[in-house]
Amino acid sequence: MRLGSRLRGEFPRGWCRSARWWITGIRDLALSTAAAVATVVFVGEMKRAVRHRDEPRTLARLSGTFEGYVASLLINSAGLVVLVTMAIEDGLPVVLTALLAGWCLLNIAISATVFVVLTRSRIRQSAAWAELDFVEQHAPKYGRPPETIEEYRALQLQE
């Protein structure tokens with residue numbers, strides 16, 4: 001896919017005046033940020049992922065992005081290391097250390113569970129995920145009508 005067609009997919013004509021484009025972008029950014037910082041919010045999504053672990057279509061519609069859950073693993077692991085270092089060096093109060101460590105461990109557990117379920121599903125059902133990735137990549141966004149053969153095919157697969 002060329003750069004021009006990729007940019008046209010992300011920035012369709014009139015994107016700066018499109019409320020739908022702005023709302024979708026802000027929502028995606030907020031979900032990724034929440035998944036990275038406060039994964040505890042997504043306990044229901046974790047339960048849904050575990051419950052529907054063999055259904056790629058359901059897993060593809062989880063709130064938050066895969067990248068957000070990976071970022072949560074990294075951020076909270078680093079935060080836990082910093083917290084332990086600060087507790088050892090500075091002698092933080094035990095209650096504060098316990099609360100922050102619990103917060104980090106809970107976030108790590110939730111994001112690790114979602115990460116493992118999604119990775120397992122992508123490995124075991126690669127054909128279904130390939131179709132979902134094709135639709136995600138080629139389906140027209142923000143109410144724009146299809147313009148290419150791939151976009152028409154993606155719309156057919158979406159139904």
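Start by selecting Glu-45: this residue is buried, with a relative accessible area of 15%, which falls under the 20% cut-off for that label. Keep in mind as you go that this is a predicted model. Glu-45 sits in helix α3. Now show what surrounds its side of the helix. Setting aside neighbours within four places in sequence, Glu-45 is in contact with Leu-62, Ser-63 and Tyr-69.

Next, colour the whole of α3, residues 43-51, and add helix α6, residues 94-124. The axes of these two helices come within 10 Å and cross at roughly 30°. Angles under 35 degrees count as roughly parallel, so α3 is roughly parallel to α6. The crossing of α3 and α6 is left-handed. To see who makes the contact, display Val-43, Met-46, Ala-49 and Val-50 on the α3 side, then Ile-110, Thr-113, Val-114 and Val-117 on the α6 side. Which classes of residue will you find in the contact of α3 with α6? There are seven nonpolar residues, one polar and no charged ones.

Tyr-69, which you met as a contact of Glu-45, leads to the next stop. Select helix α5, residues 66-90. Its 25 residues, at 1.5 Å a residue, should span 36 Å, and the C-alpha atoms at its ends are 35 Å apart, so the two values agree. Then pick out the buried residues of α5: Gly-68, Tyr-69, Ser-72, Leu-73, Asn-76, Leu-80 and Leu-83. As you look along them, remember that an α-helix has 3.6 residues a turn, so residues three or four places apart point the same way. And what do the buried residues of α5 pack against? Bring up α2 (19-37), α3 and α6, and you have their partners. Before leaving, step just past the end of α5 to Gly-91, which takes a positive phi of about 70°.

For the last stop, move to helix α7 (residues 126-138) and helix α8 (residues 149-158). Their axes are 9 Å apart, and the helices pack at an angle of about 130°. That angle makes α7 and α8 oblique to each other, and their crossing is left-handed. On α7, show Glu-131, Phe-134, Val-135 and His-138; on α8, show Glu-150, Glu-151, Arg-153, Ala-154, Leu-157 and Gln-158. Try colouring this contact by class: the residues joining α7 with α8 divide into four nonpolar, two polar and four charged. Flip back to α3 and α6 for a second look, where the contact has no charged residues.

Definitions and conventions:
Residues numbered from 1 in each chain as written. Predicted model: local features only at pLDDT ≥ 70, side-chain atom pairs only at ≥ 80, totals over all residues. Heavy atoms only, no water. Axes fitted to C-alpha atoms, helices over the stretch in contact; angles between N-to-C directions. Helix = DSSP H or I, 4+ residues; strand = E, 2+ residues; numbered from the N terminus. Parallel < 35°, antiparallel > 145°, perpendicular 65-115°, else oblique. Left-handed = near helix turned anticlockwise from the far one by under 90°. Contact = heavy atoms within 4.5 Å. Nonpolar A, V, L, I, M, F, W, Y, C, P; charged D, E, K, R; others polar. Expected span 1.5 Å × (residues − 1). Buried < 20%, exposed > 50% of the residue type's maximum accessible area, 1.4 Å probe, protein only.
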